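Work through the exercises below with the structure in view. Each one sets a task and then solves it in steps.

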Amino acid sequence: MGMCDSARCPQATHHPCHRPVWAWQAQTIDVFITSPRIAKGEKQRLVPERDRALRVVAEIDAATPVPAGRG
């Protein structure tokens with residue numbers, strides 16, 4: 001959960017090689033959010049963390065050029 005985030009650290013950078021880690025983070029948090037065994041308060045706390053991971057993935061996708069012939 002302590003991964004660099006440009007919203008929190010001016011030195012943070014996100015590159016295509018970081019995308020799998022952030023995507024995995026969002027998927028992992030989704031498992032907890034959808035679990036009936038996790039307390040409602042904890043689920044509410046996890047939503048912003050998931051949203052942050054999804055935002056970083058979207059920003060990486062937006063900044064990654066599509067190779068010629070693939071777009």
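**Exercise 1. Locate I60 in this predicted model, decide whether I60 is buried or exposed, and list what I60 touches.**

Step 1. I60 belongs to helix α2.

Step 2. The relative accessibility of I60 is 3%. The cut-off for buried is under 20%, so I60 counts as buried.

Step 3. Set aside the neighbours within four places in sequence; the contacts of I60 are then H14, H15, P16, H18, R19 and W22.

Step 4. A distance to T13 can be added: the C-alpha atoms of I60 and T13 are 9.8 Å apart, with the two positions 47 residues apart in sequence numbering.

**Exercise 2. Describe the chain as a whole: its helices and strands, its buried share, its surface and its contacts.**

Step 1. Count the elements: there are two helices and zero strands.

Step 2. The chain has 71 residues, and 24% of them count as buried.

Step 3. Its accessible surface is about 5,100 Å². Carbon and sulfur atoms hold 60% of that surface.

Step 4. Take the contacts with a separation of 6 or more; residues 24 or more positions apart make up 55% of them.

**Exercise 3. Find which residues form the largest nonpolar core and which helix supplies the largest share.**

Step 1. The core has seven residues: W22, A23, A26, A53, V56, V57 and I60.

Step 2. Assign them to helices: α1 (19-34) and α2 (40-63) each give at least two residues to this core.

Step 3. The largest share is that of α2, with four residues.

Step 4. One member, A53, can be followed further: beyond residues up to four places away in sequence, A53 touches W22, Q25 and A26.

Step 5. As background, nonpolar side chains tend to be buried together in soluble globular proteins.

**Exercise 4. Check the length of α1 and explain why its buried residues share a side.**

Step 1. α1 has 16 residues, and the expected span at 1.5 Å a residue is 22 Å. From first C-alpha to last, α1 reaches 23 Å, which is close to that value.

Step 2. The buried residues of α1 are W22, A23, Q25, A26, I29 and I33.

Step 3. These residues lie on the same side of α1 because they cover an arc of only 155° around the axis.

Step 4. Exposed on the other side of α1 are P20, W24, Q27, V31 and T34.

Step 5. The cover over the buried residues of α1 includes α2.

**Exercise 5. Classify T28 and E49 by accessibility, and give one distance for each.**

Step 1. T28 is in helix α1. Its relative accessibility is 22%; since buried requires under 20% and exposed requires over 50%, T28 counts as partly exposed.

Step 2. T28 and R50 are 22 residues apart along the chain, and their C-alpha atoms are separated by 8.7 Å.

Step 3. E49 is in helix α2. With a relative accessible area of 14%, E49 is buried.

Step 4. The side chain of E49 makes a polar contact with the side chain of R52, at 2.9 Å.

Notes. Residues are numbered from 1 along each chain as its sequence is written. This is a predicted model: local features need pLDDT of at least 70, side-chain atom pairs count only at pLDDT 80 or more; totals for chains, interfaces and linings use all residues. Side-chain values use heavy atoms; hydrogens and water are left out. Buried means under 20% relative accessible area, exposed over 50%, partly exposed in between (1.4 Å probe, protein chains only). Contact means heavy atoms within 4.5 Å. Accessible areas come from the Shrake-Rupley method with a 1.4 Å probe; for residues, only the protein chains shown count as cover. A nonpolar core is a set of buried Ala, Val, Leu, Ile, Met, Phe, Trp, Tyr and Cys residues joined through side-chain atoms within 4.5 Å. The expected span of a helix is 1.5 Å times one less than its number of residues. The arc is that of the directions from the helix axis to the C-beta atoms. A polar contact is a pair of N or O atoms within 3.5 Å; within protein, one must be able to donate a hydrogen and the other to accept it, and residues adjacent in sequence count only if both atoms are side-chain atoms.
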